[in-house]
Amino acid sequence: MAGQETKYLIFDVESVADGQLVSRIRYSDKNYDPDTAIDRYRQELLDKYESDFIPYTFQIPVAVSIAKVDANFQLLDVVTLDDPKYRPHIITENFWRGWYKYGMPTLISFNGRSFDIPLMELAAFRYGIAIPAWFNLHDRTYDQKRNRYNQGAHFDLHDVLTNFGATRLSGGLNLVAALLGKPGKMDVAGHMVQDLFVAGQIAKINDYCRCDVLDTYFIFLRMCLLTGQLTLDREQELGETARQWLRDRVERFPIFENYLAQWSSWANPWLKSDEAATAES
C-alpha cells in the first residue's frame with residue numbers, strides 16, 4: 001500500500017540490573033546474592049549522587065516498545081518485543097533483526113544515543129548476535145550508522161534539542177511532552193523499573209514503555225514541523241489520527257485509556273479565542 005511502508009522506528013528501552021554481574025564485578029570478595037548486590041550498589045550510588053540508577057553496562061533489556069511510522073509520518077502500529085515472555089536475549093535479537101527486516105529505517109529515540117542504543121549494542125555483544133549492518137565500520141565515517149551526526153540512521157530528539165550536548169534539557173522527555181499537552185510520565189517513571197521488576201510487574205513496565213514511545217512519536221511530529229517537513233495543520237491532523245488509533249485499541253491495551261485520559265489539548269496561540277475554545281471542547 002502506498003505510504004504504508006515503515007520509514008521510521010520510534011523506540012524505547014527499559015532495563016534492569018543483572019544482579020549476578022553486579023555481584024561478580026563489584027563485590028567478588030563478598031559473595032553477595034544478586035538481590036543483595038543490587039541493593040548495595042543502589043545504596044552506594046544514592047550516597048554519592050541523587051539517583052540510584054545503576055549504569056547501563058550492568059543492565060539487560062526487559063522491555064522494548066516500537067512505533068512503526070510511514071514516510072508520511074503516520075502511526076502504523078505500536079509493538080512490544082517478545083510479548084508476553086519478555087526474554088532479554090529474544091528482545092535483543094528481535095530489535096536488531098526487525099530493524100534489518102524493515103530495510104534499516106531511521107531509528108527515532110529520545111536520548112537513545114546515550115542510553116538505549118549503547119545498551120542494545122552491549123546486549124547483542126552479550127548474547128552473541130551479529131549486527132554487521134549496524135557496525136558498518138568500513139564505510140566512510142559519516143555514512144557509518146553509529147556516527148553521532150548520521151541522523152538518517154538514528155535521529156535522537158534529545159541530541160537535537162540540546163544542540164548535541166551543548167546545553168542541558170532539564171525536565172527531559174516529561175517536560176517536552178508536557179509542552180505538547182501529552183501525558184508524559186504518569187504512574188510510572190524510569191527510576192521505578194527495577195523495583196517493579198523485582199515485584200514481578202513486568203507487564204506494567206512494558207505499558208510504561210509503550211507510553212514513552214507514544215510521547216516520543218508526538219515529539220517527533222513537532223520536530224518534523226520545526227524542521228519544515230510538516231505544516232502545523234498536518235501535524236495536528238496526524239495527532240488526531242493517532243488519538244483515534246489509540247481509542248480503537250483501548251480494549252486490547254487498557255493502558256491506552258489511561259494515556260488518553262491524561263491527554264490535554266495543545267494551547268495553539270495562533271487560534272483566536274473563540275476558535276481555541278471550540279478546539280478545547
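Rings of Phe, Tyr and Trp, the last taken by its six-membered ring, are paired if their centres lie within 6.5 Å. By this rule, the predicted model holds 18 aromatic pairs, and one aromatic cluster is formed by Phe11, Phe95, Trp96, Trp99 and Trp134.

Another of the aromatic pairs joins Tyr41 and Phe58, whose rings meet edge-to-face, with 5.5 Å from centre to centre and 80° between the planes. Because Tyr41 belongs to helix α2 (residues 34-48) and Phe58 to the loop between α2 and β2, this pair ties together parts that are 17 residues apart in sequence. Tyr41 has a relative accessibility of 6% and so counts as buried, the cut-off being under 20%; Phe58 is likewise buried, with a relative accessible area of 11%. The face of Tyr41 is also covered by Arg26, at 4.0 Å from the ring centre, and a further charge, that of Lys182, lies over the face of Phe218, at 4.9 Å from the ring centre.

In soluble globular proteins, nonpolar side chains tend to be buried together. The largest nonpolar core of the model comprises 37 residues, of which Leu75, Tyr217 and Phe220 have the most contacts inside it. Two or more residues each are given to this core by β1 (6-17), β2 (59-70), β3 (75-80), α6 (172-179), α8 (202-226), α9 (232-247) and α10 (255-261), with α8 giving the most, at 10 residues. When residues up to four places away in sequence are not counted, Tyr217 touches Ile10, Val69, Phe73, Gln74, Leu75, Leu238 and Ala242. Apart from this core lies another, of 20 residues, among them Phe11, Ile91, Phe95 and Met120.

Methods: Residues are numbered from 1 along each chain as its sequence is written. This is a predicted model: local features need pLDDT of at least 70, side-chain atom pairs count only at pLDDT 80 or more; totals for chains, interfaces and linings use all residues. Side-chain values use heavy atoms; hydrogens and water are left out. A nonpolar core is a set of buried Ala, Val, Leu, Ile, Met, Phe, Trp, Tyr and Cys residues joined through side-chain atoms within 4.5 Å. Buried means under 20% relative accessible area, exposed over 50%, partly exposed in between (1.4 Å probe, protein chains only). Helices (H or I, at least four residues) and strands (E, at least two) are DSSP runs, numbered from the N terminus. Contact means heavy atoms within 4.5 Å. Rings of Phe, Tyr and Trp (its six-membered ring) pair if their centres lie within 6.5 Å; planes under 30 degrees apart count as stacked, over 60 as edge-to-face and the rest as tilted. A charge sits over a ring if NZ of Lys or CZ of Arg is within 6 Å of the ring centre and within 35 degrees of the ring normal.
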